[in-house]
Amino acid sequence: MSLLDKIDKNRLPAHIAIIMDGNGRWAKARGLDRGEGHREGISAIRRVVDAASKASVRYLTLYAFSTENWSRPTEEVTGLMDLMVYAISRETPDLKKNGVRIRSIGDMSRLPEYARTALEECIRETAEGTGVTLVLALSYSSKWELATAAKKIAADAVKGVLQEKDIDEETLGNYLTTRGLPDPDLLIRTGGEQRISNFLLWQCAYAEFYFTGIFWPDFDEEALYEAILEYQGRERRYGKTSEQIKND
Ligand code: IPE
Ligand code: IPE
Ligand code: MG
């Protein structure tokens, strides 16, 4: 029985978010340049998107570049942007064919114009996709997102578009870049670190966390299915007791 067959189709995580970490260490272990690790990381993305589609996961969010990653050496940042543009342009026809719909979250204004254009084109081209929604978190951080939301809420309150009494959790959710997406059910981090690195702090309020030492370039279909199976073995209680959950 394959791992995919072991997955209970009635209890799938609707939304999986992944912190794709370990490209640099993967390369270093092989005496290669960090850029080689990022290049291999792109192949892993292709594998994991296919695997998620096969398992009927509806939403897959990939943390590709954080606000903090802008502080890396210029050559690495430029290399990553070039790689992203190349990969996005090359993959768009296949993504379209496979019904994958691309969306992005993050501060797109910080991306170089050529990267933003390539991304916007891919989003437009794949907008009709009815399969998995692939959310690329680029130039993203949760603190940036929450501060931006607070600013917009304040501006709308001043304009009178929004009343203080109407501001609740749903309102805040609607001011985030993830507006319209369900919260992640499962958060995976590869590469061995056990931290969240400013990713989806609000949205992961009730996500199940799964950490693996596998470096991102080695992450594959089986590794994704292992994570889903582990998720399916957990009991999500949302503050209730185990007995209440069983009787629901
Ligand atoms: C993740 O791999 C990719 C990005 C953050 C862009 P890293 O580049 O962080 O790899 P390590 O953590 O140095 O191994
Ligand atoms: C997190 O990885 C960001 C991405 C995977 C894009 P980092 O490698 O930047 O995280 P820290 O800085 O080690 O926490
Ligand atoms: Mg890292």
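**Entry 1: the shell of ligand 2**

I began with ligand 2 and asked which element gives the most to the shell around it. That element is β2, with 4 residues. I note here that the model is predicted. I then listed the surroundings of ligand 2: I19, M20, D21, Y63, A64, F65, S66, N69, R72, R189, R195 and S197. Sorted by class, this shell holds 5 nonpolar, 3 polar and 4 charged residues.

**Entry 2: polar contacts of ligand 2**

Next I looked up distances to oxygen atoms of ligand 2. The side chain of S197 has an N or O atom 2.6 Å from an oxygen of ligand 2. For R72, a polar side-chain atom lies 3.2 Å from a ligand 2 oxygen. For R189, I found 3.3 Å between an N or O atom of the side chain and an oxygen atom of ligand 2. How much of ligand 2 does the protein cover? On its own, ligand 2 has 390 Å² of accessible area, and the protein covers 78% of this.

**Entry 3: the shell of ligand 1**

I turned to ligand 1. Around it I find M20, D21, G22, N23, G24, R25, R34, H38, A64, N69, R72 and L80. I counted the classes in this shell as 3 nonpolar, 5 polar and 4 charged. Which element gives the most to the shell of ligand 1? It is α2, with 3 residues.

**Entry 4: polar contacts of ligand 1**

I checked D21, G24 and R25 against the oxygen atoms of ligand 1. In D21 the partner is a polar side-chain atom, 2.8 Å from an oxygen of ligand 1. In G24 the partner belongs to the backbone, where a polar atom is 2.9 Å from a ligand 1 oxygen. R25 also enters through its backbone: an N or O atom there lies 2.7 Å from an oxygen atom of ligand 1. Of the 380 Å² of accessible area that ligand 1 has on its own, the protein covers 86%. I also recorded that α2 (23-29) and α3 (34-54) are the elements giving two or more residues to the shell around ligand 1.

**Entry 5: where the ligands sit**

What space does each ligand take? For ligand 1, I found that it is the largest pocket. For ligand 2, I again found the largest pocket.

**Entry 6: the largest pocket**

I looked up how much space lies in the largest pocket, and it is about 980 Å³. Its lining is made of 43 residues, and those closest to the centre are M20, N23, I45, Y63 and A64. By class, I have 23 nonpolar, 9 polar and 11 charged residues in this lining. Which elements each supply at least two residues of the lining? They are α2, α3, β2 (59-66), α4 (74-97) and β4 (133-140). The element that gives the most to the lining is α4, with 9 residues.

**Entry 7: cross-check**

I went back over the residue names. M20 is among the residues around ligand 1, is listed around ligand 2, and is one of the residues closest to the pocket centre. A64 likewise appears around ligand 1, around ligand 2 and close to the centre of the pocket. D21 belongs to the surroundings of ligand 2, and its side chain supplies a polar atom 2.8 Å from an oxygen of ligand 1. R72 is listed around ligand 1, and its side chain has a polar atom 3.2 Å from an oxygen of ligand 2.

Notes. Residues are numbered from 1 along each chain as its sequence is written. Chains are lettered from A and ligands numbered from 1 in the order in which they are written. This is a predicted model: local features need pLDDT of at least 70, side-chain atom pairs count only at pLDDT 80 or more; totals for chains, interfaces and linings use all residues. Side-chain values use heavy atoms; hydrogens and water are left out. A residue is near a molecule or strand if one of its heavy atoms lies within 4 Å of it. A polar contact is a pair of N or O atoms within 3.5 Å; within protein, one must be able to donate a hydrogen and the other to accept it, and residues adjacent in sequence count only if both atoms are side-chain atoms. Accessible areas come from the Shrake-Rupley method with a 1.4 Å probe; for residues, only the protein chains shown count as cover. On a 1 Å grid over the protein atoms alone, a cavity is a set of points where a 1.4 Å probe fits but cannot get out, and a pocket is an open set with protein on both sides within 12 Å along at least five of seven lines; lining residues have an atom within 4 Å of a point. A molecule sits in a cavity or pocket if more than half of its atoms lie within 2 Å of its grid points. Ala, Val, Leu, Ile, Met, Phe, Trp, Tyr, Cys and Pro count as nonpolar, Asp, Glu, Lys and Arg as charged, and the others, Gly among them, as polar. Grid points are joined across faces, edges and corners, and a volume is the space filled by probe spheres set on the points.
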